[in-house]
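Subject: Structure for your review

Hello,

Here is the structure I said I would pass on. Please open it alongside this message.

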Amino acid sequence: MLLQFIIGLVFGLGLIVSGMSNPAKVLNFLDFAAIRSGTWDASLAFVMAGAIAVTFTGFKLVLRRPQPLFGEKFHLPTREDIDTRVIAGPAIFGIGWGLSGFCPGPAITALGFGTAAAVIFVAAMLAGMWLARFIANRPSMSGIVTPADRVGA
Amino acid sequence: MPATSFTPVASAAGGALIGLAAVLLMALKGRIAGVSGIASRLLPPYEDREFAGRLAFVAGLVAAPGLVWLVSGRLPEQTIEAGMPVLVVGGLLVGFGSVWGNGCTSGHGVCGLSRLSVRSLVATVTFMATAALTVFIVRHWG
């Protein structure tokens with residue numbers, strides 16, 4: 001448990017240092033029409049580049065090992081098909097992200113800033129998460145939606 | 001809309017820290033660092049026995065601003081323009097969509113792209129597109 005806490009802390013520090021924890025900065029990146037007017041903030045492209053460079057290299061090294069240091073096996077997604085959920089879900093998520101400037105990591109980290117706005121957003125986000133899992137887990141949905149990969153720490 | 005300054009070095013360094021956390025979680029626990037997957041599984045129904053570890057990860061995220069405050073003496077800049085109704089609607093959409101699509105910016109955007117997953121590439125392109133379109137409509141229409 002201490003391990004996960006420290007890893008969460010490093011993740012949160014990364015969000016803060018990179019500027020991802022500031023919704024105004026996120027929205028200024030997503031505002032591509034501002035490229036012409038000169039107020040576009042390209043910083044978040046550097047966040048993604050930095051994160052992927054480290055993760056791509058690190059995963060290559062780590063996944064050569066037979067198993068994680070403190071676990072029986074690597075829990076990796078196995079699905080490769082493109083179903084409606086992997087398009088509809090991100091499409092809906094993107095609208096909420098564009099409205100608020102918050103995605104899940106920065107929103108939870110924002111709780112530590114002690115603002116009411118973060119509390120309201122995270123409460124609504126958890127309600128939305130619960131609803132999605134509730135609908136996906138209904139027996140009547142089993143023929144319509146394909147089961148989710150059981151990943152996530 | 002408040003202007004924000006271009007910070008390529010800090011942003012790349014922060015991104016590297018996010019990557020470090022993702023690599024550590026895989027190396028030590030064998031899990032994908034996807035925040036929507038971790039947070040949503042704090043709610044019932046429970047499919048495995050990883051609750052305590054997930055709660056600890058989330059607690060680490062929440063503790064990060066406090067650590068910055070302890071070290072530097074001030075909280076980092078954060079500007080939230082959205083009012084109450086937008087926060088509620090935005091939160092619902094972010095929560096529902098990220099779980100419906102099995103991942104968000106971290107799970108699909110960082111970990112999935114790093115594994116060269118086509119599903120994650122489709123997901124990432126989709127949420128970037130609808131997010132950018134939403135910002136365009138909110139800021140530049142009418």
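Below is what came out of the analysis, beginning with chain B and then moving to the nonpolar core.

Please keep in mind that this is a predicted model.

Chain B

Chain B has six helices and zero strands, so its order from the N terminus reads α-α-α-α-α-α. Along the principal axes, its C-alpha atoms fit a box of roughly 50 × 40 × 30 Å. Chain B has 142 residues, and 51% of them count as buried. When contacts in chain B between residues at least 6 apart in sequence are taken, 35% of them link residues at least 24 apart.

The accessible surface of chain B is about 6,000 Å², and carbon and sulfur atoms account for 72% of that. As for charge, chain B carries 9 positive and 5 negative side chains. The centres of these two sets are 6 Å apart.

The nonpolar core

The largest nonpolar core contains 60 residues. A:Phe11, A:Leu30, A:Trp97 and B:Phe57 have the most contacts inside this core. Helix H7 of chain A (residues 116-137) is the element that gives the most to the core, with eight residues. Where does the core lie with respect to domain 1 and domain 2 of chain A? It lies between them, because domain 1 (1-76) and domain 2 (81-146) both give residues to it.

A:Phe11 also touches chain B: apart from its neighbours within four places in sequence, A:Phe11 is in contact with B:Ile18, B:Ala21, B:Ala33, B:Val35, B:Phe57, B:Leu61 and B:Ser106. Of these partners, B:Phe57 is also among the core residues with the most contacts.

Regards

How values were computed:
Residues are numbered from 1 along each chain as its sequence is written. Chains are lettered from A and ligands numbered from 1 in the order in which they are written. This is a predicted model: local features need pLDDT of at least 70, side-chain atom pairs count only at pLDDT 80 or more; totals for chains, interfaces and linings use all residues. Side-chain values use heavy atoms; hydrogens and water are left out. Helices (H or I, at least four residues) and strands (E, at least two) are DSSP runs, numbered from the N terminus. Buried means under 20% relative accessible area, exposed over 50%, partly exposed in between (1.4 Å probe, protein chains only). Contact means heavy atoms within 4.5 Å. Accessible areas come from the Shrake-Rupley method with a 1.4 Å probe; for residues, only the protein chains shown count as cover. Lys and Arg count as positive and Asp and Glu as negative; His and the chain ends are not counted. The place of a charge is taken as NZ of Lys, CZ of Arg, CG of Asp or CD of Glu. A nonpolar core is a set of buried Ala, Val, Leu, Ile, Met, Phe, Trp, Tyr and Cys residues joined through side-chain atoms within 4.5 Å. Domain bounds come from an automatic or database domain assignment.
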